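Student: Hey, could you walk me through this structure? I haven't looked at it before.

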Amino acid sequence: MAHIHIERKHQLGLAQARETAAQWVADAESKFDMRCSYEAGEQADQVLFSRLGVNGVFTVDAECFAIEAKLGFLLAAFKDRIEQEIQKNLDSLLGQAGSKPAT
């Protein structure tokens with residue numbers, strides 16, 4: 001099993017970070033056939049996502065986005081490509097939100 005960990009700091013604040021995360025969820029569901037469930041919290045939210053061969057959690061707070069994903073055996077061979085696509089998608093959303101991505 002392969003693991004992916006991606007973090008992006010931002011200066012959006014929690015309200016705008018939630019809006020950006022909602023767009024990420026919409027994209028994940030429509031483009032990648034992910035099943036997502038959004039769990040809002042006081043200080044941070046979590047999006048649980050899954051589909052055949054992958055599951056994980058996307059944590060959203062006022063200063064950072066963090067994605068942890070586990071890839072099954074078949075998708076593990078494509079780990080680097082999948083990780084690059086997630087990074088590109090998240091960076092694009094942050095750019096649209098007016099924030100400069102940082103690692």
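**Rings, sheet and pocket**

Tutor: Sure, and keep in mind that this is a predicted model. Let's begin with a tryptophan: Trp24 has a relative accessibility of 7%, so it counts as buried.

Student: And Phe58, buried or exposed?

Tutor: Phe58 is buried, with a relative accessible area of 0%. Phe65 is buried too.

Student: How many aromatic pairs are there?

Tutor: The count comes to three aromatic pairs. Take Trp24 and Phe58: their ring centres are 4.6 Å apart and their planes stand at 55°, so this pair is tilted.

Student: Which parts of the chain does that pair tie together?

Tutor: Trp24 sits in helix 1 (residues 13-32) and Phe58 in strand 4 (residues 54-61), so the pair ties together parts that are 34 residues apart in sequence.

Student: What about the rings of Phe58 and Phe65?

Tutor: Those have centres 5.4 Å apart and planes at 40°, so that pair is tilted as well. Ring pairs link Trp24, Phe49, Phe58 and Phe65 into a cluster.

Student: OK, new topic. In what order do the strands of the sheet run?

Tutor: The order is 1-5-4-3-2, with five strands forming an open sheet and antiparallel pairing. Strand 1 (2-9) and strand 2 (35-39) are at the edges with a single partner strand each, so one side of each has no neighbour in the sheet. From one strand to the next, the twist averages 10°.

Student: How many bridges join strand 1 and strand 5?

Tutor: Eight bridges, with strand 1 and strand 5 (residues 64-71) pairing in the antiparallel sense. Ala2, for instance, has Leu71 in strand 5 as its bridge partner.

Student: Where does helix 1 pack?

Tutor: On the sheet, where helix 1 touches strand 2, strand 3 (44-51), strand 4 and strand 5. The direction of helix 1 makes about 160° with that of strand 4. Helix 3 (residues 79-96) also packs on the sheet, touching strand 1, strand 4 and strand 5, and its direction makes about 20° with that of strand 1.

Student: Last thing, pockets. How much space lies in the largest pocket?

Tutor: About 440 Å³. The largest pocket is lined by 18 residues, and the closest to its centre are Phe32, Met34, Ile82, Glu85 and Ile86.

Student: Which element gives the most to the lining of the largest pocket?

Tutor: Helix 3 does, with five residues. Helix 1, strand 3, strand 5 and helix 3 each supply at least two residues of that lining.

Terms used. Residues are numbered from 1 along each chain as its sequence is written. This is a predicted model: local features need pLDDT of at least 70, side-chain atom pairs count only at pLDDT 80 or more; totals for chains, interfaces and linings use all residues. Side-chain values use heavy atoms; hydrogens and water are left out. Rings of Phe, Tyr and Trp (its six-membered ring) pair if their centres lie within 6.5 Å; planes under 30 degrees apart count as stacked, over 60 as edge-to-face and the rest as tilted. Helices (H or I, at least four residues) and strands (E, at least two) are DSSP runs, numbered from the N terminus. Buried means under 20% relative accessible area, exposed over 50%, partly exposed in between (1.4 Å probe, protein chains only). Two strands pair if DSSP finds at least two bridges between them. Axes are lines fitted to C-alpha atoms, for helices over the stretch in contact, and angles run from 0 to 180 degrees between N-to-C directions. Contact means heavy atoms within 4.5 Å. On a 1 Å grid over the protein atoms alone, a cavity is a set of points where a 1.4 Å probe fits but cannot get out, and a pocket is an open set with protein on both sides within 12 Å along at least five of seven lines; lining residues have an atom within 4 Å of a point. Grid points are joined across faces, edges and corners, and a volume is the space filled by probe spheres set on the points.
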